[in-house]
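Got the viewer open? Take this as a walk through the model, one selection at a time.

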Amino acid sequence: MPALMALRKRAQGEKPLAGAKIVGCTHITAQTAVLMETLGALGAQCRWAACNIYSTLNEVAAALAESGFPVFAWKGESEDDFWWCIDRCVNVEGWQPNMILDDGGDLTHWIYKKYPNMFKKIKGIVEESVTGVHRLYQLSKAGKLCVPAMNVNDSVTKQKFDNLYCCRESILDGLKRTTDMMFGGKQVVVCGYGEVGKGCCAALKAMGSIVYVTEIDPICALQACMDGFRLVKLNEVIRQVDIVITCTGNKNVVTREHLDRMKNSCIVCNMGHSNTEIDVASLRTPELTWERVRSQVDHVIWPDGKRIVLLAEGRLLNLSCSTVPTFVLSITATTQALALIELYNAPEGRYKQDVYLLPKKMDEYVASLHLPTFDAHLTELTDEQAKYLGLNKNGPFKPNYYRY
């Protein structure tokens with residue numbers, strides 16, 4: 001994780017997070033552990049819970065606990081365990097958080113619901129998922145957001161790298177590990193052509209799969225068409241496809257009606273953060289039989305013998321069933337760390353009770369820290385060129401409205 005280590009080396013003397021008490025709710029993986037250790041090296045105290053009941057690596061949680069980090073998480077939590085862990089993170093005598101690092105918005109939601117007075121001492125929220133950011137914008141619109149929040153999900157370095165490149169690699173890994181399937185010639189429908197959908201489609205197309213896309217947004221839909229994918233409604237292809245992948249951030253994208261019409265042995269999985277995209281609850285009925293085949297793989301069997309293969313019970317496939325590229329997570333983790341430093345040290349009044357994007361200069365800084373890995377050499381503007389473009393020689397190089 002080159003950028004995170006560079007940040008640790010450069011900033012640990014200054015301790016920009018001295019006095020910060022960060023409560024976090026993210027995936028607890030080896031990469032998260034490096035982030036937590038970095039935050040500690042920069043002066044912060046941390047307490048942590050998991051944002052997903054299947055993505056925790058128990059050995060990592062145990063190692064963090066042994067190192068002195070209060071961590072409340074284990075792989076395979078129940079729904080009640082999940083909220084208990086978040087509560088144990090927050091509800092502790094003599095320790096009041098002043099920063100929140102969230103992935104999905106559950107921690108922020110819990111504090112609003114149970115301990116709203118805590119927000120008097122909280123300086124800001126850093127949120128990294130589509131789902132969590134959506135919830136923050138809803139709070140802001142309703143006038144209920146009482147601290148500044150940083151939308152890391154829509155920073156370029158998170159969206160273009162974590163969402164696109166990470167999913168381009170991990171979708172195949174997750175499907176291979178759980179099903180041992182062959183991709184060549186398989187018919188796949190990918191619901192959603194945002195960055196996650198683009199990554200999934202690119203990987204599957206490269207492996208020889210026949211890929212269909214569903215979209216609600218005409219711009220993303222046109223991109224899918226121009227990239228060579230057939231744009232369809234889910235109902236049009238549901239009987240013939242071999243795999244259904246959701247990555248929309250929406251709810252009930254795949255309904256019980258769709259599930260009833262799928263062909264035998266269709267594989268169903270979700271690459272979005274939340275487990276709302278596939279209506280899994282509708283499958284827990286007496287007439288259907290659930291058969292656990294292996295960890296994170298269930299066969300749901302209909303009375304006529306038809307079965308579908310449901311992965312991770314409709315939760316996030318790549319972090320539940322595989323690993324994700326450490327290099328890409330270095331980009332995301334560095335972005336999170338910089339957002340925490342920015343909000344924690346911001347002078348009074350710089351950020352109001354609203355949702356903000358990471359400053360462009362920070363996005364560029366995170367990217368630059370990763371370039372040495374590739375032995376990449378940036379071209380520098382001459383004074384004349386900088387004047388001609390109306391830019392500072394050191395950036396930022398693009399306006400905020402630029403779409404990469």
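What follows is a short tour of a predicted model, stop by stop.

**Stop 1: the annotated domain.** Select residues 163–324. An unreviewed UniProt entry lists this stretch as "domain: S-adenosyl-L-homocysteine hydrolase NAD binding". Colour the range by secondary structure and you should get 33% helix and 23% strand. Now pick the C-alpha atoms at its two ends: they sit 11 Å apart.

**Stop 2: a helix pair.** Show H7 (156–179) together with H8 (residues 195–206). How far apart are their axes, and at what angle do the two helices pack? The axes are 7 Å apart and the angle is about 35°; the crossing is right-handed.

Turn on side chains to see who touches whom. On the H7 side, the residues to display include Leu-164, Cys-167, Arg-168 and Ile-171. Facing them from H8 are, among others, Val-196, Gly-199, Cys-200 and Ala-203. Colour this contact by residue class and the tally is 9 nonpolar, 3 polar and 4 charged residues.

**Stop 3: the second largest pocket.** Keep H7 on screen and add H13 (326–345) and H14 (360–370); each of these three helices supplies at least two residues of the pocket's lining. The volume here is about 1,000 Å³. To centre the view, select Glu-364, Ala-367, Ser-368, Leu-371 and Leu-378, the closest to the pocket's centre among its 32 lining residues. What is the lining made of, by class? You'll find 17 nonpolar, 5 polar and 10 charged residues there.

**Stop 4: a backbone oddity in a loop.** Jump to Asn-252, in the loop between strand E10 (243–246) and helix H11 (256–261). Check its phi: it is positive, about 50°, although Asn-252 is not a glycine. That is worth a look because most residues other than glycine have a negative phi.

**Stop 5: a cis peptide.** Last, go to the segment after helix H15 (383–389), where Pro-396 has its place. Which residue is joined to Pro-396 by a cis peptide bond? Select Gly-395: the bond between Gly-395 and Pro-396 has an omega of about 0°. For context, most peptide bonds are trans.

Technical notes
Residues numbered from 1 in each chain as written. Predicted model: local features only at pLDDT ≥ 70, side-chain atom pairs only at ≥ 80, totals over all residues. Heavy atoms only, no water. UniProt positions renumbered as here; feature names shortened; annotations may be inferred. Helix = DSSP H or I, 4+ residues; strand = E, 2+ residues; numbered from the N terminus. 1 Å grid on protein atoms, 1.4 Å probe; cavity = no way out; pocket = protein on both sides within 12 Å on 5 of 7 lines; lining within 4 Å. Points joined across faces, edges and corners; volume = space filled by probe spheres on them. Nonpolar A, V, L, I, M, F, W, Y, C, P; charged D, E, K, R; others polar. Axes fitted to C-alpha atoms, helices over the stretch in contact; angles between N-to-C directions. Left-handed = near helix turned anticlockwise from the far one by under 90°. Contact = heavy atoms within 4.5 Å.
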